[in-house]
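Good morning, colleagues. Today I would like to walk through the charged side-chain pairs of one protein chain and then turn to one of its helices. Please look at the structure first.

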Amino acid sequence: MTTASTNATQTSPATDPLHLIDVDHVRFYVGNAKQAAYFYAHTFGFNISQIADLTTGSRDESDYLLTQGNIRLMFTTPLTKDHPAAEEVKLYGDGVKDVAFTVHDAVKAYEQAIKNGAESAREPREITDERGTVVVASIKTYGRCILSFVSRSGDYALPKVKAGGEFMPVFKKMHSPVNDHNTANPCGLKYVDHLVGNVELGKMNHWVEWYAEVMGFTMFKHFDDADISTEFSALMSKVMSSGNNLIKMPINEPAPGKKKSQIQEYLEWHNMAPGVQHLAFRTDDALESVAELRRRGVDFLALPDTYYDAVWDRVNTMLTKHGHKAVKEDHTRIKDLGILVDADDEGYLLQLFTKPLQDRPTLFFEIITRRGSQSFGKGNFKALFEALEIEQERRGNL
Ligand code: FE2
């Protein structure tokens, strides 16, 4: 039986300073934002929408805002050796630094989080000009990552940003020919479905409690939760969900096994610091999205050939048992595109994982379509782990 949280204090947006309105943006620290922007634009169909750099008055960093659907990715690179991102790129390579949420009042959200036990990463700061104001405040979460609270007003209010308005002062709109290509050939990614963190061995429960106490998140209980750690040895995972179900943030820790855990491999190539393992983007049509992403050269994880021998029986049996219709998408096309399928008591999902997005085997993306199912594809873990082990072997990391 799938249930959302049970022990959450129900709060209304008006009274809860930690009520999350949206995922404002996800910030990456990268070695070269200009080049990273083109990679993510060309391969994943994000528009290069806005920049802040030397030409717009940003003297210490360059920022590229990439957008698609309701997804905003910010690629930041340091322009000076003393910028904090310079040290982080050295330690971790390219990856996610900051998960930023839009809130009504960033100062109040920050103060509440601190009161709840969070450690400050950056005190509230106001970025303002004659057109509007953006307030940002940040707290530390696992490893090298921070969570930011962002409140917006005037021309920088979120609905205006979504409609193409400037992100905040110092940003200017940009037009790249790749944006025209993306409009003509959409990848269909709509929003961040979930965002997964890898933490150290033995620290999963600590961070589960942290998300409950500091952020008011609740454990997303699902009928298969207990199976993950017992059936396969490579990882343990618990899913935390924001009170209003805006976002789910699963937390993984390595688990002892005969071979090196994928989580352990991540940590070893991430200077042993926890961080974001993958971002999952929701699309209404995984087949169309994956077909377009493959045309663009996205490197997806390859499944064992045997995967499709058993999948339809497994998935459709589960769907029938719970009174749902069978998978409606063309089975042959799903196989040709190498998409994974899983089902639970609520329906099914289609998902596929990329290989690491940078040279270090750290961050990757997931593409996901949900047809009722709210889980994470547990039925695919075995096939995935086998595929991952083949890749780890190729990297000499097993
Ligand atoms: Fe995922």
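Which residue forms a salt bridge with D284? The partner is K190, and the closest N and O atoms of this pair are 2.7 Å apart. Before going further, I should state that this is a predicted model.

The D284 pair joins distant parts of the chain, its two residues being 94 apart. D284 sits in the loop between strand 14, residues 275-282, and helix 9, residues 286-295. K190 belongs to the loop that lies between helix 5 (177-184) and strand 10 (191-198). As for accessibility, D284 is partly exposed, at 47% relative accessibility, and K190 is partly exposed as well, at 37%.

Let me place this pair in context. How many salt bridges does the structure hold? The total is 23. In general terms, side chains of opposite charge can pair when their charged atoms come close.

A second example is the salt bridge between K97 and E88, with an N to O distance of 2.7 Å. Are these two residues buried or exposed? K97 counts as buried because its relative accessibility is 10%, and buried means under 20%. E88 is likewise buried, with a relative accessible area of 13%.

The third example is the pair of E265 and R395, whose side chains meet at 2.9 Å, N to O. Here, too, distant parts of the chain are linked: E265 lies in helix 8, residues 262-268, while R395 is in the segment after helix 12, and 130 residues separate them. E265 is buried, with a relative accessible area of 4%, whereas R395 is partly exposed, at 29%.

Salt bridges also occur here as a network, which links R131, D155, K160 and E166.

I now turn to helix 12, which covers residues 381-394. Helix 12 has 14 residues, and the distance from its first C-alpha to its last is 20 Å, close to the 20 Å expected at 1.5 Å a residue. Which residues of helix 12 are buried? They are F381, A383, L384, F385, A387, L388, E391 and Q392. A general point is useful when viewing such a list: an α-helix has 3.6 residues a turn, so residues three or four places apart point the same way.

Finally, consider what follows this helix. R395, the partner of E265, is in the segment after helix 12. Just after helix 12, G396 adopts a positive phi of about 70 degrees.

Thank you for your attention.

Notes:
Residues numbered from 1 in each chain as written. Predicted model: local features only at pLDDT ≥ 70, side-chain atom pairs only at ≥ 80, totals over all residues. Heavy atoms only, no water. Salt bridge = Lys/Arg side-chain N within 4 Å of Asp/Glu carboxyl O. Buried < 20%, exposed > 50% of the residue type's maximum accessible area, 1.4 Å probe, protein only. Helix = DSSP H or I, 4+ residues; strand = E, 2+ residues; numbered from the N terminus. Expected span 1.5 Å × (residues − 1).
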